[in-house]
Amino acid sequence: MTDVDKAIAALSLPAKVRLLTGAAMFSLHPDQTIGLSALVLSDGPTGVRGPEFTGGAIACLLPNATLIAQHWDTATAAEAGALLAEEATAQGVHVVLGPTVNLHRSPLGGRLFEAFSEDPLLTGALAVAYVKALQDKGIGATPKHFLANESETERTTVNSVVDERTLREVYLLPFEMAVQDAHPWAIMASYNRINGVTATEHRELIEDLLKGEWGYDGLVMSDWFATTSTAASANGGLDLVMPGPDGPWGGKLVAAVEAGEVEESTVDEHLRRLLQLADRAGAFGEQHVRTDLPAPDSPQRREQLRRMAARGMTVLVNRDSTLPLAGQRIVVVGRHALETIGQGGGSARVRPPHIVTIAEALDATVVDGVEVRTEPLPAAPDVLRDPETGAFGIRVTARDEAGAVLESRVTDIAEVTAGDGGWFDHAASIELSAEIVATQPLEAGLRGTGEWTFEAGDQRETVHLAEPPELGGAVLKPPSWTFGQLEPGTQFKAITTGQPGMRRLGLIARRPPRSDTDGIAEATAAAHDADVAVVVVGLTQEQETEGTDKTTLALPGGQDALVSAVASVAKRTVVVVNAATPVLMPWLDEVDAVLWAGLPGQEAGAAVAAALTGEIEPAGRLVTTFPRRDGDGPAWSTTPVNGELPYTEGTSVGYRGWTSEPLFWFGHGLGYTEWTYGAARVEADDAIRSVHVELANTGDRAGREVVQVYLRPEHEPVRLIGWAGVELDAGARTEVEVPCDARTQRRWDNGSWRPLTGQVLIARGLGDLRITVR
Ligand code: BGC
């Protein structure tokens with residue numbers, strides 16, 4: 001008997017079942033009788049946030065998944081995994097909830113920033129490297145969300161209707177690769193339904209395919225609050241219900257076993273997988289939290305994160321070698337220069353030590369552009385202070401029914417989360433108070449659902465903010481309310497009475513929004529005098545977030561007008577786009593260069609500066625095809641019709657399904673040097689195993705090329721089968737070996753795989769084919 005079997009034999013049915021639902025939002029139950037300590041889980045995938053939703057540990061914020069993926073380099077994905085493992089170890093976290101391996105199906109998907117790519121092979125290969133690196137350091141990885149969870153609209157109920165072939169060839173492939181090549185210790189089942197069956201109870205997918213056919217030996221957990229059944233989910237292969245302590249298992253599962261609806265051996269099997277995870281992640285016996293690892297703001301981490309961000313940035317256009325910049329007088333324009341976006345919204349958010357803005361990092365005159373948000377954010381850390389101690393931040397006071405203070409603390413961010421097990425969870429009322437310290441009047445207000453009283457001086461207002469309809473809306477999209485402007489020195493408070501459930505609460509204090517006309521006038525005046533205007537535009541967490549999808553790819557607010565206005569007066573215009581997922585670029589012909597900066601994490605501005613000046617070559621290649629217009633491409637709408645979202649494009653996802661010329665192809669990226677391709681040779685047996693190609697750096701700078709190999713079968717969509725990254729000095733040449741994966745050279749045909757053959761294309765992105773081998 002193994003130790004795990006002994007532990008199972010030692011527990012009663014209720015004791016076993018208790019372990020199969022979380023103990024809290026991000027932790028599992030310990031059990032002293034078997035020596036099990038509490039497993040701690042944390043999101044993922046771009047930083048280890050820890051067990052709190054807001055206000056938790058300060059953690060490294062990595063470049064987002066698309067920016068990591070734009071390296072086209074498994075070593076970079078491994079570097080991300082290893083870094084996350086160290087961050088987890090420092091925080092006592094056993095399992096990281098990532099990577100996200102859903103695909104970029106429609107560019108409207110709100111959560112694509114968390115996922116690597118539209119291509120299953122690239123996604124799978126990066127996931128393999130990321131998972132291995134985490135687990136090699138003793139931390140569990142959790143590829144998610146299994147399965148067909150490519151958009152957010154109606155995400156907890158939507159039925160993704162996908163034919164088996166498409167599932168096998170496209171959406172399952174990254175999971176299959178992860179399972180075969182990296183053996184993840186956990187996998188997360190998604191919220192949605194797949195062909196009519198809820199993911200958490202999808203016996204065919206979990207029990208038969210994942211655990212049966214693929215031989216997956218890890219644990220399957222539910223997405224948060226996703227499980228809606230008892231026997232069906234337990235019998236379908238789900239091992240762990242998250243979060244807890246409540247949920248549809250517990251006593252109901254005990255009763256289901258007693259009623260004969262679920263075998264006790266099924267419960268034992270779930271527990272065996274759970275205890276195996278605990279064993280793998282070191283949750284038996286004493287926990288070792290390392291304290292000798294570099295801090296998130298240490299020079300080592302900062303340099304590492306700057307490089308990881310800058311190297312993945314992608315040069316989309318570079319007329320007359322406008323980039324890299326060298327010694328010119330630069331004017332930087334745009335709200336994203338001053339408030340650079342380092343990460344997307346939702347459960348992936350972490351609390352970084354800082355986000356270096358582009359304005360801080362570039363030696364240039366900086367001009368704020370136009371408004372980019374419709375909703376106010378919690379106040380910046382330096383505009384509010386605690387009225388009692390004067391410390392920057394806000395005061396949070398918890399009171400009981402009688403109004404007596406239970407506890408009062410200062411927090412240095414103007415936001416807290418109630419209902420996640422924190423210190424004020426049992427309060428009858430929570431008061432947030434602060435004093436304005438800015439030099440100018442600020443618009444003040446509050447964020448969060450529920451009943452509120454707002455007081456400033458002798459003014460008092462009450463307001464009710466309703467909960468958004470989506471699951472977790474009170475956390476993911478807290479509504480806001482603004483009162484009006486308050487003078488510096490004014491004290492104000494917002495009091496909310498107890499409301500069950502998790503919700504984010506915060507204070508607002510911001511400069512009042514200004515008109516686009518004023519913003520554009522100021523920008524063009526400044527751009528006149530410069531050699532180069534760098535206009536920084538982008539999306540915000542209003543678009544790139546969990547919980548909602550976009551409705552357009554257009555940049556929000558007057559940003560397109562700002563770019564055109566600046567381009568019409570500036571000698572040269574460089575646009576930096578601070579976003580993870582495609583945006584429309586109606587001004588593309590008016591500007592000289594475009595740098596795609598992604599969501600660059602905590603060192604954002606420093607990385608953009610390094611990329612613009614060429615200190616680090618922005619050597620990224622796109623991981624998604626960019627549409628020219630809203631509606632273009634093989635899959636667009638993410639709005640279910642009568643609850644159903646049919647994946648009608650089938651296997652023709654992303655570039656595979658484009659029939660017209662997009663704005664930029666998957667794989668596109670110029671870097672800062674020129675590449676010449678020579679002779680090529682294909683090595684094949686029952687599949688293409690590798691392609692060898694002569695390559696020369698014929699530009700005048702060292703650089704990195706990504707040689708991409710595609711297969712174009714006769715009656716099937718073109719698909720990536722391999723790639724290789726190579727760094728060469730100016731003038732150097734080499735023979736590059738591109739390993740090719742057989743798993744995208746096959747077709748799922750009525751229950752079995754058949755090999756595919758066809759033309760081999762060697763390319764720098766599908767818009768720049770260099771060699772075709774018949
Ligand atoms: C997300 C998961 C995440 C979980 C825990 C859910 O809303 O879909 O990706 O890991 O929350 O925060």
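User: Which helix is the place of Leu253 in?

Analyst: Leu253 belongs to helix H10, which covers residues 250-258. Keep in mind that this is a predicted model.

User: Why does Leu253 count as buried?

Analyst: Buried means under 20% relative accessible area. Leu253 comes out at 0% relative accessibility, so it counts as buried.

User: And how far is Leu253 from Ser229, in sequence and in space?

Analyst: The two are 24 residues apart in sequence, and their C-alpha atoms are 9.6 Å apart in space.

User: On to the ligand. Which residues around it come nearest?

Analyst: Of the 13 residues around the ligand, the nearest are Asp43, Arg111, His145, Asp223 and Glu546.

User: What makes the pair between Asp43 and the ligand a polar contact?

Analyst: The cut-off is 3.5 Å between N or O atoms. A side-chain N or O atom of Asp43 is 2.5 Å from a ligand oxygen, so the pair qualifies.

User: How do you know that Asp223 and Lys144 make polar contacts with the ligand too?

Analyst: Set them against that 3.5 Å limit. For Asp223, a side-chain N or O atom is 2.6 Å from an oxygen of the ligand. For Lys144, a polar side-chain atom is 2.9 Å from a ligand oxygen. Both pairs therefore pass.

User: How much of the ligand does the protein bury, and in which pocket does the ligand sit?

Analyst: Taken alone, the ligand exposes 310 Å², and the protein buries 95% of that. The ligand sits in the second largest pocket.

User: How do the residues of the shell divide?

Analyst: Six are charged, five nonpolar and two polar.

Technical notes:
Residues numbered from 1 in each chain as written. Predicted model: local features only at pLDDT ≥ 70, side-chain atom pairs only at ≥ 80, totals over all residues. Heavy atoms only, no water. Near = heavy atom within 4 Å. Polar contact = N/O pair within 3.5 Å; in protein donor to acceptor, adjacent residues only side chain to side chain. Areas by Shrake-Rupley, 256 points an atom, 1.4 Å probe, with all protein chains shown as cover. 1 Å grid on protein atoms, 1.4 Å probe; cavity = no way out; pocket = protein on both sides within 12 Å on 5 of 7 lines; lining within 4 Å. Sits in = over half its atoms within 2 Å of the grid points. Nonpolar A, V, L, I, M, F, W, Y, C, P; charged D, E, K, R; others polar. Helix = DSSP H or I, 4+ residues; strand = E, 2+ residues; numbered from the N terminus. Buried < 20%, exposed > 50% of the residue type's maximum accessible area, 1.4 Å probe, protein only.
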